[in-house]
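Got your viewer open? Load the model shown here, switch on a cartoon with side chains on demand, and follow along one selection at a time.

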Amino acid sequence: MTQSIQLHYRRLGNGPETLLAFHGIGQTGAACYTSFAEELGDRYSIIAFDLPFHGETKGHNRSGDFPMTPAHWKDFLDDFLTNTGIDRFSIAGFSLGGRFALVTFQLFPERINTMYLMAPDGIRIHPLYRLTTQTAAGRRLLHWSLQRPGCLFKIAGWGQQAGVLAPSVVRVVRHLLETPEKAQQVYASWVNFRLMKPDRSALATAIETAPQKVWLLIGAYDRMIGEKTVKAVVKGLPQGNFQCLPYGHAGLVAGTARWIRQNKTAAGGN
């Protein structure tokens, strides 16, 4: 089945260089990247997308029977870049949005000036995510569980008491699942984006060709996506292009914007 993608977006900043920006789960593009506009709006014109099932982008096929693929994404970007007259551009991806940034970099490496990856999802696939999204039975189990968040909250609470889960992780779980609408958004995103992941070999080749283009930033206090999760990318980067900043998951985008502003090398593109 052919899947047509249409994404709502907001333009932030008025700089001479285009930055395509992809937000995290449960966010909108404009809310996620306001800090980028405040700190870097004189350098970048930021196109902050609302990903499917978020903000003003109306997602369809919530069942996940026809998930989005890199091929769908390439078709969308080809049309978008042609229609907007964008040739070269930079990209930013936070958390879930890291999947979209990574696939974009793999598909268009020669057109990208700089990529900012902030605690990116999609580099290492967690076994639990694979279990609950890659098979029909797993998706049914995931859907059943998300319809009963009280059970998940209890399990998360036990995990926190046992020292297995950090309090910040438990807070994120509660925030993402606090209403039936939010729980449905999590389900739709997880199952429909399960194939939106880079080809590891192609990504490694793209990074090796121009490692100076890639900036990988994680939070020192981030218990959601930390250094161990992103080691596969770290290995191919110059030492200075991997930064551990003094923030948690929620504060990383704003912290990254401030850090880029203060570091001319990171903000210099090519």
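**Stop 1: helix α4**

Select α4 and colour its buried residues: Gly97, Gly98, Arg99, Phe100, Ala101, Leu102, Val103, Thr104 and Phe105. Buried here means under 20% relative accessible area, with exposed over 50% and partly exposed in between (1.4 Å probe, protein chains only). That is 9 of the 11 residues of α4, so the helix is largely enclosed by the rest of the structure.

Some ground rules before you click on. This is a predicted model, where local features need pLDDT of at least 70 and side-chain atom pairs count only at pLDDT 80 or more, while totals for chains, interfaces and linings use all residues. Residues are numbered from 1 along each chain as its sequence is written, and side-chain values use heavy atoms, with hydrogens and water left out.

Zoom out for a moment. The protein has 12 helices and 7 strands; these are DSSP runs numbered from the N terminus, with helices being H or I of at least four residues and strands E of at least two. Buried residues make up 50% of the 270 residues. Among contacts (heavy atoms within 4.5 Å) between residues at least 6 apart in sequence, 78% join residues at least 24 apart.

**Stop 2: Arg99, inside α4**

Stay on α4 and pick Arg99. Is Arg99 buried or exposed? Arg99 is buried, with a relative accessible area of 1%. Follow its side chain to the backbone oxygen of Met196, 3.1 Å away. That pair is a polar contact: N or O atoms within 3.5 Å, where within protein one must be able to donate a hydrogen and the other to accept it, and residues adjacent in sequence count only if both atoms are side-chain atoms. Now show what Arg99 touches, not counting residues up to four places away in sequence: Asp121, Gly122, Ile125, Tyr129, Phe193, Arg194, Met196 and Lys197.

**Stop 3: α3 against α4**

Add α3 (70-84) to the selection. The axes of α3 and α4 (residues 97-107) come within 10 Å and cross at roughly 75°. Axes are lines fitted to C-alpha atoms, for helices over the stretch in contact, and angles run from 0 to 180 degrees between N-to-C directions. That makes α3 roughly perpendicular to α4; the bins are under 35 degrees for roughly parallel, over 145 for roughly antiparallel, 65 to 115 for roughly perpendicular, and oblique for the rest.

Show sticks for Pro70, Trp73, Lys74 and Leu77 in α3, which meet Phe100, Val103, Thr104 and Leu107 in α4. By class, this contact has 6 nonpolar, 1 polar and 1 charged residues. Nonpolar covers Ala, Val, Leu, Ile, Met, Phe, Trp, Tyr, Cys and Pro; charged covers Asp, Glu, Lys and Arg; the others, Gly among them, are polar.

Click Lys74 in α3. At 33% relative accessibility, Lys74 is partly exposed. Lys74 and Val103 sit 29 residues apart in sequence but 8.8 Å apart in space, C-alpha to C-alpha. Leaving aside neighbours within four places in sequence, Lys74 is in contact with Leu107 and Phe108.

**Stop 4: two positive phi values**

Next, a backbone check. Most residues other than glycine have a negative phi. Select Ser95, whose phi is positive, near 55°. Ser95 lies in the loop between β4 (89-94) and α4 and is buried at 11% relative accessibility. Then jump to Phe53, with a positive phi of about 75°. Phe53 is in the loop between β3 and α3, also buried, at 8%.

**Stop 5: His54**

His54 lies in the loop between β3 (44-49) and α3. Which backbone atom does the side chain of His54 reach? The backbone nitrogen of Gly26, at 3.0 Å. His54 is buried at 0% relative accessibility. Beyond four places in sequence, the contacts of His54 are His23, Gly24, Ile25, Gly26, Gln27, Leu96, Gln185 and Ser189.

**Stop 6: α6 and α9**

Finish with α6 (residues 136-146) and α9 (residues 180-192), which pack at about 165° with their axes 10 Å apart. The two helices are therefore roughly antiparallel. Show Arg139, Leu142, His143 and Leu146 in α6; they meet Ala183, Gln184, Val186, Tyr187, Trp190 and Val191 in α9. By class, that contact has 7 nonpolar, 2 polar and 1 charged residues.
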